[in-house]
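Biologist: I am new to this structure and would be grateful for a close look at a single part of the surface. Please set that part in the context of the whole chain.

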Amino acid sequence: MITEKDKQFIKRAIELSEKGMDSHAGGPFGAVIVKNGEIIAEGFNQVTSSNDPTAHAEVVAIRKACKQLDSFQLDDCIIYTSCEPCPMCLGAIYWARPKAVYYACTKEDAAEIGFDDHFIYDEIDKNIENRNIKFINLDREEGRKVFKKWETKKGRVDY
Ligand SMILES: Nc1nc2[nH]cnc2c(=O)[nH]1
């Protein structure tokens, strides 16, 4: 069930998308993160103004929320975003583990204005050797030695 509060929070995410766009921060995307009915973090896309390709609205908001909670997980949090998350944000969201995501525009709406994520979904489906960006495997055995060490590391913090 969608509540009045949900509508208020998605409205704020949409407001932020416009604010970010109007202030030339980046693309028209905004997000808010809510815990126990309160906004704990807000973000808008800042890719072009900060020269940071990862500064999507959701990532900006996730970073702030994690700092606020002093945690690498968004336990019991809800993300409201002005647009369905792109594959990068989707990854960040799954690692952060909020309990729900509400979104306004769909990925098809975003594609219509030039933010088409298809090329990423297509790449994920391909075999690594067929990707458009070259991925070259090198020194696997050395890399795996560190992984082995992690397996038995004392005081390891799993995530
Ligand atoms: N959801 C979302 N999609 C995007 N596509 C490009 N930038 C963004 C962003 O900040 N958020």
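Modeller: Read from the N terminus, the elements of this predicted model succeed one another as α-β-β-α-α-β-α-β-α-α-α. The chain thus comprises seven helices and four strands. Along the principal axes, its C-alpha atoms fill a box of roughly 55 × 40 × 30 Å. Among contacts with a separation of 6 or more, 48% join residues 24 or more positions apart.

The division between interior and surface comes next. The chain has 159 residues, of which 30% count as buried. About 11100 Å² of the chain is exposed, and carbon and sulfur atoms supply 55% of that area. As for charge, the chain carries 23 positive and 27 negative charges, whose mean positions lie 9 Å apart.

The part chosen for a close look is a nonpolar patch on the surface, with an area of about 520 Å². Four residues make this patch: Phe72, Trp95, Val157 and Tyr159. One of them, Phe72, may be examined in detail. In the sequence, Phe72 belongs to the loop that runs between helix 3 (57-69) and strand 3 (77-83). Is Phe72 buried, exposed or partly exposed? Its relative accessible area is 47%, and Phe72 is therefore classed as partly exposed. The class of partly exposed residues lies between the cut-offs of under 20% for buried and over 50% for exposed. Phe72 is thus a partly exposed loop residue that contributes to the nonpolar patch together with Trp95, Val157 and Tyr159.

Key:
Residues numbered from 1 in each chain as written. Predicted model: local features only at pLDDT ≥ 70, side-chain atom pairs only at ≥ 80, totals over all residues. Heavy atoms only, no water. Helix = DSSP H or I, 4+ residues; strand = E, 2+ residues; numbered from the N terminus. Buried < 20%, exposed > 50% of the residue type's maximum accessible area, 1.4 Å probe, protein only. Contact = heavy atoms within 4.5 Å. Areas by Shrake-Rupley, 256 points an atom, 1.4 Å probe, with all protein chains shown as cover. Lys, Arg positive; Asp, Glu negative; His and termini not counted. Charge placed at Lys NZ, Arg CZ, Asp CG, Glu CD. Patch = residues over 30% accessible without salt bridge, like charges linked within 9 Å, V, L, I, M, F, W, Y side chains within 5 Å. Salt bridge = Lys/Arg side-chain N within 4 Å of Asp/Glu carboxyl O.
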